[in-house]
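The following note was prepared for a colleague who intends to work with the model below. It is arranged as numbered points, each on one topic.

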Amino acid sequence: MRITVKLFATFRDGLFKEAQRDVPEGGTLGQVIAELGIAEKDVGMVLVNGRHAPMGLVLSDGLVLDIFPLLAGG
Amino acid sequence: MGRKIVNKILRVDMTNLSTKIESVPKEWSGLGGRALTSTFVAAEVVPTCHPLGEGNKLIFAPGLLSGTAAANTGRFSAGAKSPLTGGIKESNAGGTAAQQFARLGIKALIIEGLPKGDTWYSLHVNKDGVSIAEETELIGKGNYAVVETLEQRLGKKVGILSIGPAGEMRMLAANISVKDKDSRLRSHGRGGLGAVMGSKKIKYISIDDSDAPGVSLADPERFKTAARALAKAIINHPATGEGIPTFGTSVMVNIINAAGSMPTRNFTHGQFEGHNDIAGETMREVILARGGSPKHGCQAGCIMQCSQVYNDKDGNYVTAGFEYETIELLGANACIGNLDDIAVADYIMDDIGVDSIETAVTFGVAMEAGVLPFGDGKEVLRMLKEEIGMGTPLGRILGSGAGNCGKTYGVTRVPVVKNQAIPAYDPRAIKGIGITYVTSPMGADHTAGYAISHNLMGSGGRIIDPLKKDEQVELSRHLQIGTVIVDSAGLCLFVGSPMADDPTFVPSLMELINARFGLALTPDWIGELGMNVLKTERAFNIAAGLSSKDDRLPEFFKEPLLPHNAVWDFTGEEIDEFWDF
């Protein structure tokens, strides 16, 4: 199955802004993040189709992931 | 113990054009910044007075730690009864004034009374106190011209607080500008305090800190150690050590858009199609390509550098202090979607002296009313200069804020609380900030209890689901109580992230205050101060005629907001529980 991954802020360095990724059946959110080389502790917010989701979430085809480091401002 | 602590209060009476120097009342000795300005306003301003009349008083106070070597402690508080909300106001700004006041040993500057006649004045603050002079040359001029002229008259190092034409015309969105370390502007933006200064016929306050006695520390060694620990906590946190210096506060654009809380088209949508064009990541690329600077501090000792120098295509300076709120509210909420137009708007708003949050939201309302089309950036620039800046009838409507503009044009979708415009987070999809908007005695103000980090990023240990009502009242209460010490110590609000996440932060802050003043306060004192100040502010508002009915969001927030179909569904009783402490 394929998912869309969007990265933001410093997570784009050396990676990408947006990419399609193939994920095996049963693959989890945490596995996708680990494969990107992003440490779980550095993740500030991860949204799956716009909603917060746990690292153990089993992904399904067509989902969109937004992954941000810990940030603040405003 | 160290040297004698020098401290004084400067009081200016504009009715008889007199000044005096007072000693600090004992009960004010442990207060600074917001704690001092709000205590003062509650004690000396009759709550029912007309905010632009003789009874209102304007006070400026540096934070408790301002003027010391501790990082990011140079914030300045301005307080008065707000002509915009009709309640108490503390508006907090960066720039150099707080550090200069503190080094001069000035605990507060109080301005009261109203002069008779049409003469304009300036105040000059130095080691000998404060003096009043007539001013003619700079009347009608923008804030940048004030800075340029005063630097010619008084030297490059002069500190400046000033109002633009909007303040002179007593517009309710008028702000008070503070010169930063590079002669650019920061603002006491919210609540129309520029109109209060204008009502007192004071165009500017110049500050000369030559031969200032400096800040004395009760225990310099302890202070130094604690200052080092505090700086380490700020630098070590990814939000303040990396995110803000790299991308500025507009790094929030993509976050808030992804979360579906991005005010768009006058608060009718929660996401903006053109978000990438106005995001912090894009802004950084644009700034670097044009020879600007993605990092800039508004004062000496800033280690976060949230500001930036934004240049145009030809590499000429356009604006600094170009913030998420302004960018989002003009970019997405007014659909301008173009950083260059927004940057020019930011410069003009600083120059004519209007709050960039209030004014940007007002344009969204005016667009809904059909005064100008959504997305017409060029017309926004024209209206800022030629209508608001010139004080035409339309300009005065726009310059009086979103609430008044909405009433004038019969618009029902008017995003305000206590008549103050709602900042750049839709409260339906981030409910914690919504509780802050409705309950803060300041009116809609994201900085009063910044729940965004807790609702989205899990700041403080875990995420409190932004779309659910659970725990939001408790969260906002906790944050609003904690924010009082930030606003009173002179700390920059962005320390909120390390304060929530790094267990060394609060003990270091406590240690700094104790070492500065020779006290032995415990962290419990922070909570007590926060609760006392909030209750003092609330009591002023009640006495001024505000009530629980003003602690509500406008009706239209019951309409579902895409993409989550989020609605504002707190009952009045649920909101009022905020005050159960």
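The points below concern a predicted model and take up the interface, a sheet, salt bridges, cysteines and backbone geometry in turn.

1. Interface between the chains. The contact draws on 33 residues of chain B and 18 residues of chain A. About 2000 Å² is buried between chain B and chain A, and carbon and sulfur atoms account for 68% of this area. On the side of chain B, the residues that lose the most area to chain A are Ala258(B), Glu281(B) and Met457(B), which together make up 24% of what that side buries. Zero salt bridges are found across the interface of chain B and chain A.

2. A six-stranded sheet. In chain B, six strands form an open sheet with mixed pairing, in the order 8-7-12-9-10-11. Its edges are strand 8 (129–135) and strand 11 (185–188), each of which pairs on one side only. On average, neighbouring strands of this sheet are turned by 20° against each other, direction ignored. Within chain B, strand 9 (residues 159–162) and strand 10 (residues 176–179) run antiparallel and are joined by two bridges. Ser162(B) has Ser177(B), in strand 10 of chain B, as its bridge partner.

3. Salt bridges within chain B. Over all chains, the whole structure holds 37 salt bridges. Arg190(B) and Glu358(B) form one of them, at 3.4 Å from N to O. This pair links distant parts of the chain, 168 residues apart: Arg190(B) is in the loop between strand 11 and helix 5 (193–199), and Glu358(B) is in helix 12 (residues 356–368) of chain B. Both Arg190(B) and Glu358(B) are buried.

4. Further charged pairs. Glu151(B) meets Lys156(B) in a salt bridge of 3.2 Å, N to O. Glu151(B) counts as buried because its relative accessibility is 13%, whereas Lys156(B) counts as exposed at 59%. Another salt bridge joins Asp340(B) to Lys313(B), with the closest N and O atoms 3.4 Å apart. Here the partners are 27 residues apart: Asp340(B) is in helix 11 (residues 339–352), and Lys313(B) is in the loop between strand 14 (307–311) and strand 15 (317–320) of chain B. Lys313(B) is exposed, with a relative accessibility of 67%. In addition, salt bridges with shared partners join Arg11(B), Lys20(B), Glu22(B), Glu44(B), Lys57(B) and Glu112(B) into one network.

5. Cysteines. How many disulfides does a search of the whole structure find? The search finds zero over all chains. Cys405(B) is in no disulfide, and the nearest cysteine sulfur, that of Cys335(B), is 16 Å away. Cys405(B) is buried, with a relative accessible area of 0%; Cys49(B) is also buried, at 12%.

6. Backbone geometry to inspect. Most residues other than glycine have a negative phi, and most peptide bonds are trans. Phe267(B) has a positive phi near 60° and lies in the loop between helix 8 (252–258) and helix 9 (280–289) of chain B. With 0% relative accessibility, Phe267(B) is buried. Lys418(B) likewise has a positive phi, about 55°, and is placed in the loop between strand 16 (416–417) and strand 17 (420–421) of chain B. Lys418(B) counts as buried because its relative accessibility is 9%. The peptide bond from Leu562(B) to Pro563(B) is cis, with omega near 5°. Pro563(B) is in the loop between helix 21 (524–544) and helix 22 (572–576) of chain B.

Methods:
Residues numbered from 1 in each chain as written. Chains lettered and ligands numbered in written order. Predicted model: local features only at pLDDT ≥ 70, side-chain atom pairs only at ≥ 80, totals over all residues. Heavy atoms only, no water. Helix = DSSP H or I, 4+ residues; strand = E, 2+ residues; numbered from the N terminus. Buried < 20%, exposed > 50% of the residue type's maximum accessible area, 1.4 Å probe, protein only. Pairing = 2+ DSSP bridges. Axes fitted to C-alpha atoms, helices over the stretch in contact; angles between N-to-C directions. Disulfide = S-S within 2.5 Å. Contact = heavy atoms within 4.5 Å. Buried area = accessible area lost by both parts, 1.4 Å probe. Salt bridge = Lys/Arg side-chain N within 4 Å of Asp/Glu carboxyl O.
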